[in-house]
Amino acid sequence: MTVVSAPGKVYLFGEHAVVYGEPAVPCAIEKRATVTATPRADDHIRVEARDLSLDGFAVEYAGSPEDRPDIDVSESLIEAAMGYVDAAVRQARDAADEPNAGFDITVESDIPLGAGLGSSAAVVVAGIDAATRALGEPLDRRELADRAYRAEYDVQDGQASRADTFCSTMGGAVRVAGDDCRTLATPKLPFVVGFDGGAGDTGELVAGVRSLRERYDFAADTVAAIGDIVAEGESLLAAADADSEASDALVGELGELMNINHGLLSALGVSSRSLDTMVWAAREAGAAGAKLTGAGGGGCIVALDSTEETKRSLQYTPGCEEAFRARLATEGVRVEEP
Ligand code: PMV
């Protein structure tokens, strides 16, 4: 039995634009998916999924997860547990050169699903790492991140950047532009997350931005302007002292860039009433800045506020189901039990 966890993430800047090669800066947060992998004597895969907010389920299959039985749980939980776990197992089998390896897999996650916090990337990263370790073939982190990206790419029909999987593998803040992935030394940032209880459809939202970008030059300029914001944010981070608390001045400047980034995402049609409401509640509570995180359409916002005011205000904001402080996860993928 091998137990591995991997963190979720927020986007400080750059979602959607990263799909077109612009840079993005996601930051890993201390909300984790934990995967347990135990090799089996046969080639079956048995998946058991537990989620904080939903009832769990277990399912076993030998062929394709398409043949799954009818189970009365949320479709998104099944997708997360089946599609992503299956893709992770395929990558692990390939990496270890054991095409018929079977596993009992357990997934436990405290990351809301499909809400812009990188739940699927965390499951895939932890899943591949747990399964390859269980087979005695651990991967180095670069290869793990690459295989996790390929697993997500397969499940999401090519609508995936390397941002989530690289960030979840490495932890901390990272910078991703196309295939160029780097870790960033950053100060600790006071993230606060607001969650509306819903989720957006990433494929549909990415397709919507693509269509706007193809039809209008100004939409293409908007995507490029998001890239400029990221570049600006990166130089602020690079000039700051890594590993200490971010200064108020830095938080203020980053917050301003986050506000502009949210406005541009909104112009590209990926915000929603509940995301905008939470963003404004955070700003009015004194946050230095706030924006949606991830694909949008519903799900989460991220704000910067070192006081308790934003969290408190979000907790009383209609449409916000949950608000929490999210510490930067300096550790990425982590073996919990070898
Ligand atoms: O909602 P998430 O956490 O899956 O993030 C999606 C981010 C996009 O830039 C919209 C797509 C991608 O794969 O980078």
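The exercises below, each with a worked solution, concern a predicted model.

**Exercise 1.** Find out how many disulfides the structure holds, and explain the result from the sulfur atoms of Cys27 and Cys300.

*Solution.* Begin with what is being sought: a disulfide is a covalent bond between the sulfur atoms of two cysteines. For a pair to be counted here, the two sulfur atoms must lie within 2.5 Å. Next, take Cys27, whose closest cysteine sulfur belongs to Cys167 and lies 6.5 Å away, which is too far for a bond. Then take Cys300, whose closest cysteine sulfur, in Cys320, is 8.7 Å away and therefore also too far for a bond. The structure as a whole holds zero disulfides.

**Exercise 2.** Decide whether His16 and Asp97, which both have a positive phi, are buried or exposed, and say where each is placed.

*Solution.* As background, most residues other than glycine have a negative phi. His16 has a phi near 70°, and its place is in the loop between strand 1 (2–13) and strand 2 (25–40). Because its relative accessibility is 6%, His16 counts as buried. Asp97 has a phi near 55° and sits in the loop between helix 1 (75–96) and strand 5 (102–109). With a relative accessible area of 65%, Asp97 is exposed.

**Exercise 3.** Name the residues that gather in the patch of negative charge on the surface, and identify the helices that supply at least two of its residues each.

*Solution.* The patch brings together Asp228, Glu232, Glu253 and Glu256. Comparing these numbers with the helix ranges leads to helix 6 (217–239) and helix 7 (248–267), each of which supplies at least two residues. Glu256, for instance, lies in helix 7, and at 52% relative accessibility Glu256 counts as exposed.

Definitions and conventions: Residues numbered from 1 in each chain as written. Predicted model: local features only at pLDDT ≥ 70, side-chain atom pairs only at ≥ 80, totals over all residues. Heavy atoms only, no water. Patch = residues over 30% accessible without salt bridge, like charges linked within 9 Å, V, L, I, M, F, W, Y side chains within 5 Å. Areas by Shrake-Rupley, 256 points an atom, 1.4 Å probe, with all protein chains shown as cover. Salt bridge = Lys/Arg side-chain N within 4 Å of Asp/Glu carboxyl O. Lys, Arg positive; Asp, Glu negative; His and termini not counted. Charge placed at Lys NZ, Arg CZ, Asp CG, Glu CD. Helix = DSSP H or I, 4+ residues; strand = E, 2+ residues; numbered from the N terminus. Buried < 20%, exposed > 50% of the residue type's maximum accessible area, 1.4 Å probe, protein only.
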